[in-house]
Amino acid sequence: MTELLQFLIAGLKNGAIYSLVALGFTMVYAATGAINFAQGQFFMLGGMLGAAFVGAGLPLPLAALAAVLATALIGAVFELVAVRPIGDGDPLRIIMVTIGGSVLFSQLALHVFGPDTRSLTTFTAGPSLKVLGAAVERQTIWIWCLTALAVAGLALLYRRTMFGRAMRATSLHRDAARLVGINARAMVTASFALAAALGAVAGLAVAPLTQTSFQVGSGVAVKGFAAAILGGLGDPAAAVAGGLVLGILESLTAGYIDPTYKDGVALIILLLVLFVRHQGLFGGSGREKV
Amino acid sequence: MRGRTLKLSMAMLIAALAVSLAIFIGACGSKKSSNSSSNGSIKVGAIVSLTGSYAALGQPEQNTLNMEVKKINDAGGINGKQIDLMIKDDGTDDAKAVAAASELITQDHVVAILGPTGSSTTMAIRGNIDRAGIPEISMAAATPITNPVDKLVFATAWPNSVVVPFTFDYLKKNGITKIGAITDTGGFGADGLAVIKAAAPKMGMTVVDSETFNPGDTDMTAQLTKIKNTDAQAVLMWTAGPEGTIIAKEMQDLGMKIPLYGSHGNGNLQFIQGAGAAANGVKFPAGKILVPAAYGKGSAGYTQATAFITAYQAAYGAAPTTFAGHAFDAIHILADAAKTVSGDVTAAALRDAIEQTSGYVGISGDFTFSPTDHNGMTPKALVMYEIVNGKWTLAK
């Protein structure tokens, strides 16, 4: 029983990270109809920039904030320079550009930060907490809190602010949104910036546990993408649920079947779900949901 | 319509630029060979992992190779010939190692290859080595690299078949007979697990649980929870990548009280930096370079090692690791062998000369090769370390 609980805690920890990355996929998908394959690199940049800022002498909270803001800026600039010129272009082209961007970010990070793995200290030091005999690391609690905060923040943004409503309107019907005076292009830029910020938060939160390096981006992108598909693309709540389900599936596979196959089993279940229900486990009809 | 086409091609152009820039930068990432065709130089290739999970192993190897080749060349080279060293990064990836080997062999016409860093990459380039008929001195530790003996392949790292029994001896002396093993599924860890399982019954050890993880995994909670629920007296971890730091940290987070024993894959600073406080108390077997007093002050090994440490520290601002030691031994065994070749240093002559290596006092131990032994390492070359306050110390 304690063993199962421990597996679930580990699954929810990884799942929360996948959720944050999946949210990034979902936001860009809602705005453009394209998959942003550079999303994993925002995760990488968050951790690497955070480590670099700490190395430069900033205290951790400030370094983390600076890393998130810098990554959001990088996301916005990437959209302006590489994606916007495609205009209303078809998603396939945007996807190609983001694949190029992904390689570019990773190689730039290699040259700026070097090939070494880097680590951050845990946000709060101390032994892990005990819950019914299972251990919960303090950093895991941070990961859960940050994920919850990000989800709540997004919900507020979408429902309560003019800016958020404009983003939703754009994703529902770009031309109609433009007719009522919404700057649709700015909304796309904003979606990249927000997606980058979410990726950076995930990368920062997990760096104290797993370390980070210039090449962690593509692996996590696959997981986040799988989570977004599993949940249902375009729906933030579904993305979060998809991430948590994927994390738990992986952890249970590692615990009860064989850790060697945990990535494979998770992906097989993903495929099965898509055969039966191609809008994902929790998705409605896709991008209109945002 | 025209406007749209223009915009689209603009986007294509930018995409193409981004990709080509990325490829260009990527290409610069691997250290480009000088590819000089100067006559009278001895062309030697080296394949190391400068990126990927073994980056922490490959970088000190590259540093050492560059430093030692410069030293040899400045002192007049090999019988008047300079060593022309070409280093390639394999990214800890079998396919890239094979590509690097074939480039070194077919384009650069090297007479020998040093490396690769990893066990899996070393096995991956075996075909290239055998087809080209050039000698290879690997810096990796899986047993099959030198057992069975391949005529062309030598190794300067302590093989698992030597290190595992040494570790078991130490464990038994400390009253530990039941272990939970956690190993990676890459070449080094998979071979380690096979050796652990084969040696345990012979030495009176019991492997109560064995768990594996894939290189690149970031969460081993499930595996460690299962070991925690057994009566294992210690965790024995066989991996050389950064995943080891996650295991050390998670054991602490899970409140596991049993000690963690690593392998000779953990003799790098990044393990201590990455695991932080969780590194303290971790024990692992390795050669003597981390605490040179272990050679015995005044011995030939001690003199050799302290000179190397001083030079390395001056050049790179950090102490050399055990992996730097493997590179040191590889280049010097090669250079010493090349010196004994009269006339042209051909691959065949060099191979025969390397096999004649006898009593070479190295960093990792004293090497004597023979037609039936292309490694020559014994447990005498090993000591047990304990990490105390983030520093390597000799374990009691």
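**Fold of chain B and its contact with chain A**

Chain B is built from 13 helices and 14 strands, as seen in this predicted model. Its C-alpha atoms occupy a box of roughly 75 × 65 × 40 Å along the principal axes. The radius of gyration of chain B is 22 Å, in agreement with the value near 21 Å that a compact globule of 396 residues would have. Among the 396 residues of chain B, 56% are classed as buried. Sequence-distant pairs feature strongly here: of the contacts in chain B with a separation of 6 or more, 68% join residues 24 or more positions apart.

A helix pair within chain B offers a helpful closer look. Helix α2 (residues 55-74) of chain B and helix α11 (residues 300-316) of chain B have axes that come within 11 Å and cross at roughly 105°. Because angles of 65 to 115 degrees count as roughly perpendicular, α2(B) is described as roughly perpendicular to α11(B). On the α2(B) side, the residues involved are B:N63, B:T64 and B:M67, which meet B:A311, B:Y312, B:A315 and B:Y316 of α11(B). Sorted by class, this contact of α2(B) with α11(B) comprises 5 nonpolar and 2 polar residues, with no charged residues.

Turning to the interface, 38 residues from chain A and 40 residues from chain B take part in the contact. On the side of chain A that touches chain B, at least two residues each come from α1 (2-32), α4 (91-113), α8 (184-210) and α10 (236-257) of chain A. Helix α4(A) provides the largest share of that side, with 11 residues. In terms of class, the side of chain A that touches chain B holds 16 nonpolar, 18 polar and 4 charged residues.

Technical notes
Residues numbered from 1 in each chain as written. Chains lettered and ligands numbered in written order. Predicted model: local features only at pLDDT ≥ 70, side-chain atom pairs only at ≥ 80, totals over all residues. Helix = DSSP H or I, 4+ residues; strand = E, 2+ residues; numbered from the N terminus. Rg over C-alpha atoms; globule rule 2.2 N^0.38 Å. Buried ≥ 20, exposed ≤ 12 C-beta atoms within 10 Å, placed from the backbone. Contact = placed C-beta atoms within 7 Å. Axes fitted to C-alpha atoms, helices over the stretch in contact; angles between N-to-C directions. Parallel < 35°, antiparallel > 145°, perpendicular 65-115°, else oblique. Nonpolar A, V, L, I, M, F, W, Y, C, P; charged D, E, K, R; others polar.
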